[in-house]
Amino acid sequence: MDEQPSILLVDDDEVFRERLARALRERGWEVRTAGDYTSAMEAARAESPQHALVDLRMPGRSGLELVRDLKACDATTKVVVLTGYGSIATAVDAVRLGASHYLPKPADADEIIAAFSRDEREPLQGTADDFKAPSLARAEWEHINRVLSDCGGNISEAARRLGMHRRSLQLKLKKYPPRE
């Protein structure tokens, strides 16, 4: 019996969510969608998906909380976190909570399917020559997001710990992370 893999697609951007859902269906996946934490958990409790793609930033409860609760609901669900505001800090948090991978937006259906199948392949063997140090701007972005994560998302407390004005921190957080 050839069963379709099932996925719960959770993103607050309705246009992106529906386009991605259509692309996954065209590739043979059974797709259910949700726009927030509450509807995602209702769908997962009704029928646990084999896979879940979770947006990190959504109104209300965060994608990290959803990752934790999806894994508590069914530990076999493979979860990939998708975000437009990626940082090493949030990637580490997502993996600690049970996500198997972390992808930056924009990601297409093929990249998402590849992220779910990475666990099934042999790990890549790299060499010491493969390492490329991040730029200063990227290191700053990572540090700011780590401090913000440590403060539970409290911008005022993070600004105090970083020794900067709260508004300056808010402006830095509105920018997308540097590529390298």
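Q: What is a strand, and in which strand does Thr83 lie?

A: Strands are DSSP runs of type E with at least two residues, numbered from the N terminus. In this predicted model, Thr83 belongs to strand β4.

Q: Is Thr83 buried or exposed?

A: A residue is called buried when its relative accessible area is under 20%, and exposed when that value is over 50%. Thr83 has a relative accessible area of 1%, so it is buried. Setting aside residues up to four places away in sequence, Thr83 touches Asp55, Leu56, Tyr102, Leu103, Pro104 and Lys105.

Q: How confident is the predictor in the protein chain?

A: Confidence is given as pLDDT, on a scale from 0 to 100. The mean pLDDT of the protein chain is 83, and 89% of its residues reach 70 or more. Among the elements, confidence is highest in strand β2 (residues 30-34), at a mean of 93, and lowest in α4, at 81.

Q: Why is β1 described as largely enclosed?

A: One counts the buried residues of the strand and then looks at each side in turn. β1 is largely enclosed by the rest of the structure because five of its five residues are buried. On one side are Ser6, Leu8 and Val10, on the other Ile7 and Leu9, so that both faces are covered.

Q: How many residues of β3 are buried, and which way do they point?

A: Five of the five residues of β3 are buried, which leaves the strand mostly covered. His51, Leu53 and Asp55 point one way, while Ala52 and Val54 point the other way.

Q: Which strands does β1 pair with, and in what sense?

A: Pairing is read from the bridges between two strands: at least two are required. β1 and β2 are joined by five bridges in the parallel sense, with Ser6 standing opposite Glu30 in β2. β1 is also joined to β3 by four bridges, and these two strands run parallel. Across that second pairing, Leu9 stands opposite Leu53 and Val10 stands opposite Val54.

Q: How many bridges join β3 to β4?

A: Five bridges join these two strands, which run parallel. Leu53 in β3 stands opposite Val80 in β4.

Q: Through which helices does the chain cross between strands, and with what handedness?

A: A crossover is followed from one strand, over a helix, to a second strand. From β3 the chain passes through α3 to β4, a β-α-β crossover that is right-handed. From β1 the chain passes through helix α1 (residues 14-26) to β2, and this crossover is right-handed as well.

Q: Which residues of α3 are buried, and what covers them?

A: An α-helix has 3.6 residues a turn, so residues three or four places apart point the same way. In α3, the buried residues are Gly63, Leu64, Leu66, Val67, Asp69 and Leu70. Their cover includes β1, α2, β3, β4 and α4. At the N-terminal end, Ser62 caps α3, with a side-chain oxygen 3.3 Å from the backbone nitrogen of Leu64.

Q: Which residues touch the most other members of the largest nonpolar core?

A: A nonpolar core is a set of buried nonpolar residues joined through their side chains. The largest one here has 22 residues, of which Leu8, Val10, Val54, Leu66, Leu70 and Val81 touch the most other members. Two or more residues come from each of β1 (6-10), α2 (37-46), β3 (51-55), α3 (63-73), β4 (78-83) and α4 (88-97). The greatest share, five residues, is given by α2. A second, separate core has 18 residues, including Leu9, Phe16, Ala107 and Ala115.

Q: What is Leu8 in contact with?

A: Neighbours within four places in sequence are left aside, so as to show what the fold brings together. Beyond them, Leu8 is in contact with residues including Ala40, Ala43, Ala44, Leu53 and Leu70.

Q: Which of the loop residues Ala75 and Ser87 is buried, and which is exposed?

A: Ala75, in the loop between α3 and β4, is exposed because its relative accessible area is 59%. Ser87, in the loop between β4 and α4, has a relative accessible area of 3% and is therefore buried. Apart from neighbours within four places in sequence, Ser87 is in contact with Tyr102, Arg138, Trp141, Glu142 and Asn145. The C-alpha atoms of Ser87 and Pro178 are separated by 9.9 Å, although these residues are 91 residues apart along the chain.

Conventions:
Residues numbered from 1 in each chain as written. Predicted model: local features only at pLDDT ≥ 70, side-chain atom pairs only at ≥ 80, totals over all residues. Heavy atoms only, no water. Core = buried A, V, L, I, M, F, W, Y, C linked by side-chain atoms within 4.5 Å. Buried < 20%, exposed > 50% of the residue type's maximum accessible area, 1.4 Å probe, protein only. Contact = heavy atoms within 4.5 Å. Right-handed = clockwise from strand over helix to strand, strands pointing away. Polar contact = N/O pair within 3.5 Å; in protein donor to acceptor, adjacent residues only side chain to side chain.
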